[in-house]
Amino acid sequence: MQHNLYRNIPKMDKLLEQESMAALIKSCGREKVVLALREALESIRDSIAQNSTDPFDIQERLSNLESYVTDILTKHHTKTLRRVINATGIILHTNLGRAPLAKEAVEAAVEAASGYVDLEYDLETGKRGGRLDRVNSLICELTGAQDSYVVNNNAAAVLITLAALANGKEVIISRGELVEIGGGFRIPEVLEQSGAKLKEVGTTNKTRVKDYEKAIDENTCAILKVHKSNYRIVGFTEETSVEELVALSHKHNILTIEDLGSGMFVKGFGEPTVQEVIASGVDIVTFSGDKLLGGPQAGIIAGKEHIIAKIRTHPLARALRIDKMTLAALENTLTLYTQPDTFERIPVIRMLNMNREELFKISYELAGEINNINGLDAKVIEVSSQAGGGSLPGKEFHGFAVAIKPSCGCNNFLKALREARIPVIARISQDSVLIDLRTMLNDDYKDLLKSLREAAEAL
Ligand SMILES: *Cc1c(COP(=O)(O)O)cnc(C)c1O
């Protein structure tokens, strides 16, 4: 019996001559199709050798070789970014690309990418216009700042700010704020690239206004406050408020700069909003576009007009400038914030605001569907998740998730989910695979179910 099965496997040359393969060769190249075919045939031979699949199944797989090979080609040989389903509940997952954009922002980016736009062209006068004019007026309207400048990301925003204002001078920073922002990059090391000299004051847990004052001398240019956006120091602590720092800076005729990290425009999440930071009187505040703001990767610098003027004209401005697609997405995200009833269209804000009843309802529905899949056992449990991506540290979001007990074991199932045609990223907790629906986007639900079925079948 086994021998017969082996004999049914066609020769490679014959397969490559088939019309269906010709189409694949045309789109993917002969070499890749040969590799994929080899892998497909290898796996069929393995199944026969292990006697693990029944003969009809083998026959079926042989007659569907084309779709089998297509699967392998998409799984292993795509070298482009792939869409994944984020079932971790972590809204700003840096490894998964942080903020998903609002539909309006996506459409604007696509339009900018696919054609010509009035990027630096004034349609009224027919003359050259400023690339950041529109985004600047939105930022000023939303934050109350006099002026702004936008660069590639927040690390770049802090870098250019210090390069333009503090090159060769001293910048005072608290020892409690010398942070690492992820990927092994440390704020102090980024800052030193600006040519500014960092003067550390205070201790990890306590930095008083007196510590700052003692450090000020004729070389001091600014006080830099780095917001604790991805960690908290708790217990026996003391921090100097922005207001105190602003008063101290005024007294000594130096600047106050705040690296806010996550740029929140909406009150009520225990984070200072950008509006509040501007109102406290800082000269410059910098923040990311793709954290709690919910827009594309960008670094926004907002503050006093005469200071922004120095940043705008610094040579690094050209090296760090943002592209037209990002700019289009950012303008449209900010526009949503200008109307009180439209910012809920921003996925990050919607996810942060998702209520428990809503989460319970969709989790319950999904658990029902999963229980119809062979080998999976699902129930709804209570969970707490985090915003992630260097934002809202320590804040827990209480909700519900679907806990799956797969008969094949959690780690195997997690791996199979990652290898599904549309990969699902989930986590393990209490011997179950957790599917947190807080981070689902509109189209995800259907595909999630498909991937769950695929993963269960693969094992
Ligand atoms: C996230 C963060 C940064 C880096 O911002 P990117 O936009 O990722 O470059 C810098 N400072 C603080 C305080 C942050 O939270």
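The following dialogue examines the ligand site and several salt bridges of a predicted model.

Visitor: What makes the pair of Asp 259 and the ligand a polar contact?

Guide: An N or O atom in the side chain of Asp 259 is 2.7 Å from a nitrogen atom of the ligand. The cut-off for such a pair is 3.5 Å, so the term applies. Lys 291 offers a polar side-chain atom 2.7 Å from an oxygen atom of the ligand, and for Asn 153 the corresponding distance is 3.4 Å. The protein covers 93% of the 380 Å² of accessible area that the ligand has on its own.

Visitor: Why is the pair of Glu 107 and Lys 103 called a salt bridge?

Guide: The closest N and O atoms of Glu 107 and Lys 103 are 4.0 Å apart. The criterion is a distance within 4 Å, so the pair is counted. Both residues belong to helix α7, four residues apart, about one turn of the helix.

Visitor: How do you know whether Lys 103 is buried or exposed?

Guide: Its relative accessibility is 58%. Exposed means over 50%, therefore Lys 103 counts as exposed. Glu 107, at 46%, is partly exposed.

Visitor: Why is Asp 147 called buried?

Guide: Asp 147 has a relative accessible area of 7%, and buried means under 20%, so the label follows. Its side chain meets that of Arg 312 in a salt bridge of 3.0 Å, N to O. Asp 147 lies in strand β2 and Arg 312 in helix α14, so the pair ties together parts 165 residues apart in sequence. Arg 312 is partly exposed, at 36%.

Definitions and conventions:
Residues numbered from 1 in each chain as written. Predicted model: local features only at pLDDT ≥ 70, side-chain atom pairs only at ≥ 80, totals over all residues. Heavy atoms only, no water. Polar contact = N/O pair within 3.5 Å; in protein donor to acceptor, adjacent residues only side chain to side chain. Areas by Shrake-Rupley, 256 points an atom, 1.4 Å probe, with all protein chains shown as cover. Helix = DSSP H or I, 4+ residues; strand = E, 2+ residues; numbered from the N terminus. Buried < 20%, exposed > 50% of the residue type's maximum accessible area, 1.4 Å probe, protein only.
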